[in-house]
Amino acid sequence: MSNSEQTIIDTILPKLEPLGLLVEDVTVVPAGKRRLVRVLVDRDVALETAVEESIEPVTLDEVTDATRVIDAELEASDVMGEQPYVLEVSSPGTDRPLTLPRHFARNVGRLVTVTLDDESKVAGRITRADAQTVQVTPEQGGKKAGAAVDAEPARLNYTSITGAKVQVEFTRGDDADAVGEDV
């Protein structure tokens, strides 16, 4: 991360905290005569206690509110200088790797694949996350290749995780409102 990107984070973060949001990432890239400023915001997750229930994703209204706050703060400060820029604010997508404890906590209930430092892989649903560990419970039976029948949940220390990704699901067996369900 460049100094200018860190300066942007330091400038806008205090204004996002009252909205319950934090800055996940900032990138500034040239776009012709302008610069494109991409800001990823996400819901702040407290890890004082373990998270065992899914957390609602950031809504479009919250992204809109964040965009207004960020735009006003960048305009009021001199952090962007005189060169024009285009501001793009969004939330992290499901393709973003899970690298911090708050990423795992935000994805409780989702199917993930985790790679460990011994190069082994653990696949299943995140069922619990705290500041030091994440619990991944393998899918029981089902149609997925390699699904365990009675596998025990794996409690993993973040220090042993070298990679983790959310697996995109279009339907879930226990989700009546899932996309693709007949109504």
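**Exercise 1.** Which residues of helix 2 are buried? Work on the predicted model shown above.

*Solution.*
Step 1. Locate the element: helix 2 spans residues 60–76.
Step 2. Apply the cut-off: buried means under 20% relative accessible area.
Step 3. Read off the residues. Glu-62, Val-63, Ala-66, Ile-70, Glu-73 and Leu-74 are buried in helix 2.
Step 4. Place them around the axis. Their arc is only 95°, so they sit on the same side of helix 2.
Step 5. Turn to the face pointing away from that buried side. It carries the exposed residues Leu-60, Asp-61, Arg-68, Glu-75 and Ala-76.

**Exercise 2.** Find what the buried residues of helix 2 pack against.

*Solution.*
Step 1. List the partners: helix 1, strand 1, strand 2 and strand 3.
Step 2. Set the direction. Helix 2 packs on the sheet at about 150° to strand 3.
Step 3. Add the other helix. Helix 1 (residues 3–16) lies across strand 1 and strand 2, and runs at about 145° to strand 1.

**Exercise 3.** Work out the layout of the sheet.

*Solution.*
Step 1. Order the strands. The sheet is open, has three strands in the order 1-2-3, and its pairing is mixed.
Step 2. Mark the edges. Strand 1 (21–31) and strand 3 (85–90) each pair on one side only.
Step 3. Take the twist. Neighbouring strands are turned by 15° against each other on average, direction ignored.
Step 4. Inspect one pairing. Strand 2 (residues 34–43) and strand 3 run parallel, joined by six bridges.
Step 5. Pick a bridge. Val-37 has Leu-87 in strand 3 as its bridge partner.

Note on methods
Residues numbered from 1 in each chain as written. Predicted model: local features only at pLDDT ≥ 70, side-chain atom pairs only at ≥ 80, totals over all residues. Heavy atoms only, no water. Pairing = 2+ DSSP bridges. Helix = DSSP H or I, 4+ residues; strand = E, 2+ residues; numbered from the N terminus. Axes fitted to C-alpha atoms, helices over the stretch in contact; angles between N-to-C directions. Contact = heavy atoms within 4.5 Å. Buried < 20%, exposed > 50% of the residue type's maximum accessible area, 1.4 Å probe, protein only. Arc of directions from axis to C-beta.
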